[in-house]
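Hi,

Here's the structure I said I'd pass along. Have a look at it first, and my notes on the strands, helices and cysteines follow underneath.

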Amino acid sequence: MEAALKRTPLYEIHRSLGGKLIDFGGWELPVQYSGILEEHQQVRSAAGLFDVSHMGEITVKGRDAEKFLQKLITNDISHTKDFQVMYSPVCYSDGGIVDDLLVYKYNSGNYLLVVNAANTDKDFTWMLQNLEDEVELENVSAAYAQIAIQGPKAEAVLQKLTDFQLDKIRFYHFIPDVVIAGVNTITSRTGYTGEDGFEIYLPAKYAVLVWEKLMEAGKEDGLAPAGLGARDTLRFEAALPLYGHEISEDISPLEAGLGKFVKLDKKEFIGKKALANQKEKGIPRKLAGFEMLDRGIPRSHYDVQADGASIGFVTTGSYSPTLAKNIGLALLDSAFAAEGTVIDIIIRGRALKGKVSTIPFYSKKYKK
Amino acid sequence: MKVLDGLKYSKDHEWIKVEGSRAYVGITDHAQHSLGSIVFVELPGLGKDLNEGDVLGVVESVKAASDVYSPVSGTVSEVNDALIDAPEKLNEDPYAEWIAILELSDACRTDGLMDAEEYRKFCLEEA
């Protein structure tokens, strides 16, 4: 028998809003409410509210916390200031990716890691296997709900519910005790849509209260609930990677275009040797964006060919609501990844033409 | 969910309307609703011979591609070209916007298909 799907504290809200619930990595979550296209546009033009409580949270504390993270992640945490957020891949020793995560730094002995829901247990085990002497790890995922408010109106709406001056939270920074609608939260200016916005971590039992207050506060500004479907098309247009698509244990961060988050000049970290080697020898594959020239929608795992031979595969493909075009991301042999290269995408047995374009497809509207 | 009397329905949520030797084929209101916003339609080639159950076309929503099966056997004699540039019409009026017209084969049978009443029940049971 299959295990029962996990539910977030906002499950009943999704049902009452008419959300279409699906199994997302073992979680019962709404893929859409009114429709993916409408929700997508709403986030780009006003603001959207997302339940991302399924995300995993792991605390890292102790004297050797920084040393441990420096070994674990490919990015360099040592220059990060307190209350800053850092994005980083985590690699295996062969350079394949365990997961990508956000590191919230309280101080050099106290961090909060935010990881992909479906990877939480795998990540936690991996961290335990690579533990340093004085580090305490705790999987606190169940204690936290997470609500993301994203879009040009996000700050104005959220500001109505807090006395804290939100414009003081800069991009990729957080405040650990922002009181929103009377509830103590961790609030960061981060997101996964290419828009300005915030991610709010709060005790699970207050999730419904805060969600409802936000919906009410956002009425005039057009705040609408948005599901996982819109979250995916939004992050895709902004070319933000999704684990299992653009990144995986078979894809290195250098191939995925995440080189700026891999600090090869850092002392030692898991995967450094393999990644340095890859860089030296030339990166064999490269993540590229492309636009369809022929009529057709590319989808994950479709084969990409040149002269009848396979040169890679589509990692994510979709109709782009913002551009009104059919576009995709593909992992291609580096020789074919240059802008302007014409490639064949194999859609239902037919070779349809696409052209490599620049990414991101949508220029991000971050408030920095 | 809208179900029209006088049409025949398949378990894959296609409808057909038979007029003499011609059959209009489309997708039902239930189908368009569960697909969500339709952003792409792939039409069959004119003159294509289809057996019952063959793929007649493809309808894609933002999330996924879904095959449309031919509920009967026949030859494609017309396609609804307007759907190429306006696939959302399938969401707006799925019973007016047929996908293709088939010239029915002599041996064409529709007894395996449901009438409106049976299809309404079928949708309820599926849900």
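Which residue in β17(A) is the bridge partner of A:Thr316? That would be A:Leu329. Keep in mind as you click around that this is a predicted model.

That pair is one detail of a larger ladder: strand β16 (residues 309-320) of chain A and strand β17 (residues 325-333) of chain A run antiparallel, with eight bridges joining them. Both belong to a barrel in chain A, which six strands close in the order β14-β17-β16-β15-β18-β19, with antiparallel pairing. On average, neighbouring strands there are turned by 45° against each other, direction ignored.

A few more spots on the barrel to look at:

- β17(A) also pairs with strand β14 (residues 285-292) of chain A, antiparallel again, over seven bridges. Pick A:Lys286 and you'll find A:Leu332 as its bridge partner in β17(A).
- β14(A) runs antiparallel to strand β19 (residues 350-357) of chain A too, and four bridges join them. Here A:Gly289 has A:Ser357 as its bridge partner in β19(A).
- Helix α7 (residues 228-237) of chain A lies across β16 and β17 of chain A, and its direction is at about 120° to β16(A).

Now for the open sheet. Chain A has one with six strands in the order β10-β11-β12-β9-β3-β13, and its pairing is mixed. Its edge strands, each pairing on one side only, are β10 (174-180) and β13 (223-225) of chain A. From one strand to the next, the twist averages 30°.

At the β10 edge, β10(A) pairs with strand β11 (residues 183-188) of chain A over five bridges, in the antiparallel sense. One pair to select is A:Val178, whose bridge partner in β11(A) is A:Thr185. Helix α6 (residues 207-217) of chain A packs on this sheet and touches β3 (47-51), β9 (144-150), β10, β11, β12 (197-203) and β13 of chain A. The direction of α6 makes about 15° with that of β9(A).

Last, the cysteines. How many disulfides does the structure hold over all chains? Zero. As a reminder, a disulfide would be a covalent bond between the sulfur atoms of two cysteines. Why do A:Cys91 and B:Cys123 count as buried? The cut-off is under 20% relative accessible area. A:Cys91 counts as buried because its relative accessibility is 0%, and B:Cys123 does so because its value is 12%.

Shout if anything is unclear.

Cheers

Key:
Residues are numbered from 1 along each chain as its sequence is written. Chains are lettered from A and ligands numbered from 1 in the order in which they are written. This is a predicted model: local features need pLDDT of at least 70, side-chain atom pairs count only at pLDDT 80 or more; totals for chains, interfaces and linings use all residues. Side-chain values use heavy atoms; hydrogens and water are left out. Two strands pair if DSSP finds at least two bridges between them. Helices (H or I, at least four residues) and strands (E, at least two) are DSSP runs, numbered from the N terminus. Axes are lines fitted to C-alpha atoms, for helices over the stretch in contact, and angles run from 0 to 180 degrees between N-to-C directions. Contact means heavy atoms within 4.5 Å. A disulfide is a pair of cysteine sulfur atoms within 2.5 Å. Buried means under 20% relative accessible area, exposed over 50%, partly exposed in between (1.4 Å probe, protein chains only).
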